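Grab a coffee and work through a few short exercises on aromatic rings and the charges that sit over them. Here is what you'll be looking at.

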Amino acid sequence: MGAKITFRHNVITIESIETFLSIRGGFHNDLRDVYFVRGIGEPLNLVELINDVDKRMGMEMADHRLKYIRMNSLPKIMDENDSSYYSNIYAHWKKGEPFTLKSIPINSDLEGVLCEAYKTVIEKYAESKAAVSDSMIRNFATKIMYWLDVTTRDSLSGWSERGCVKVIADNIMKEQEYLFFYFLTLLGCDVLLIENKSDADISDSLKSLSVALPLGEFGNASPGVYEPYVPPKVSNKQLTEKKSSELIDIHNRQNKVILPERPDRHSMATPNSNVQRTVMNSSRIIVPQSQNQEKTFEELARLASSIVLIAVHDQKGDMIGTGSGIMIGRGGYILTNNHVAAGGRFFTVRIEDDEEEYATDEVIKYNSVTDLAVIRIRKQLNPLPIYRGGKKLVRGQKVVAIGSPLGLFNSVSDGIISGFRNINDVDMIQFTAPISHGSSGGAVLNMQGEVIGISTAGIDSGQNINLAIGYESILLFANGFLN
């Protein structure tokens, strides 16, 4: 039986469906972060929104980044044999005896977590009743183990304490069903209940197990109105084609890249996802005019203290690469590229003029399309301001890039914006300030010391053809972490 794991709920504020989908609970020192959210009310175009979520999560599953479950309702136990089987599981558990499930292999890591979660949710159920009999508890315990075995058979097979499982269900009104989804969080799942008709009919003490996320007024979409979710079947050929067309990163760059010319523009377009458009509206990103004075290169170079070096480690602890990151939130939040964070089991972060190395495995949020990720360390930080778009970016505008190319900590280079590109539907800034391997995740600053982009790619066969994800994508992705 594996080590006992403690589950910590809702450590980060979930401000939107996008945040719920993107956030990844960290695991460190047997402490796992999970999220249990009640979406209250009905957002605009709910059915279309759910369809977009299904497509996005389907592609994430195809890339083996997570597992996704969406369900309209929980099944009833119709077969007496099933009723007897899952009732016996409760009886064996009460005696401290091992038990098995029909559909989910229980490995040594899952066994201890499952038994402890079973105990906790049964206690929560008993506490919610003024008077409760053993038969009531047995009936509840029978149901939740049946629901677990039937609804999560694919997602909990090969369970790992670091695995990510996202669960979405709609209109969960009853106490026992609600507690089942709480039970899933105690197995490491992140759960979003979309209560678009009315809030759950449960006690306030049980509601306190989850956090409420306002989505709109209670609406007209009937419970279960969405089509049942069916994971997409993606062939190996499709996966290969998708991966080959993804954004070129600094660790795996190609020799031939077509960069279509674009005119200067007032603002870069936001991603085309309906989910992301909803988030932008609900986040209310304010775009004030910048009042900062232009800084000297010497003053800009001092901002390197807010850029970090990230060493990426595999499961054996060996360093397999390095990248850069930008401090964006005082509570330890660091923005980097998804391709920096994606391959690591954990990371060590170095800060200028600080002898300590900060280890973390907390990838709080990531997006493989815009190539952005947020990791967190346990330290108060001095974040850099993100540009808010008071004046349009133009070709010829001076910029400074700060990163750690080839592991050379916090190198500073200067150049200009040389163009604006769109690659795979992602708007990017082309700039001339030199960067090299290891600069990924570093800052591209304007002369006021504001982050206008994050270094993400370069072309080896060209001279100073470098690309950055722009500030609009950063604001949309990381707005909840900025301060």
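The exercises below go ring by ring, each with a worked solution.

A quick note before you start: this is a predicted model, where local features need pLDDT of at least 70, side-chain atom pairs count only at pLDDT 80 or more, and totals for chains, interfaces and linings use all residues. Residues are numbered from 1 along each chain as its sequence is written, and side-chain values use heavy atoms, with hydrogens and water left out.

**Exercise 1.** Classify the ring pair Y333 and F481 and place it in the chain.

- Start with the count: there are 14 aromatic pairs in the structure.
- Recall the rule: Phe, Tyr and Trp rings (for Trp, the six-membered one) pair if their centres lie within 6.5 Å; planes under 30 degrees apart are stacked, over 60 edge-to-face, the rest tilted.
- The centres of Y333 and F481 are 5.2 Å apart with planes at 50 degrees, so this pair is tilted.
- Y333 is in strand β11 (residues 333-336) and F481 in the segment after α12 (471-478), 148 residues apart. Strands (E, at least two residues) and helices (H or I, at least four) are DSSP runs, numbered from the N terminus.

**Exercise 2.** Do the same for Y387 and Y471.

- With 4.9 Å centre to centre and 80 degrees between planes, Y387 and Y471 are edge-to-face.

**Exercise 3.** Find the lysines over F20 and F477.

- A charge sits over a ring if NZ of Lys or CZ of Arg is within 6 Å of the ring centre and within 35 degrees of the ring normal.
- K166 has its charged end over F20, 4.7 Å from the ring centre.
- K365 lies over the face of F477, at 4.7 Å from that ring's centre.
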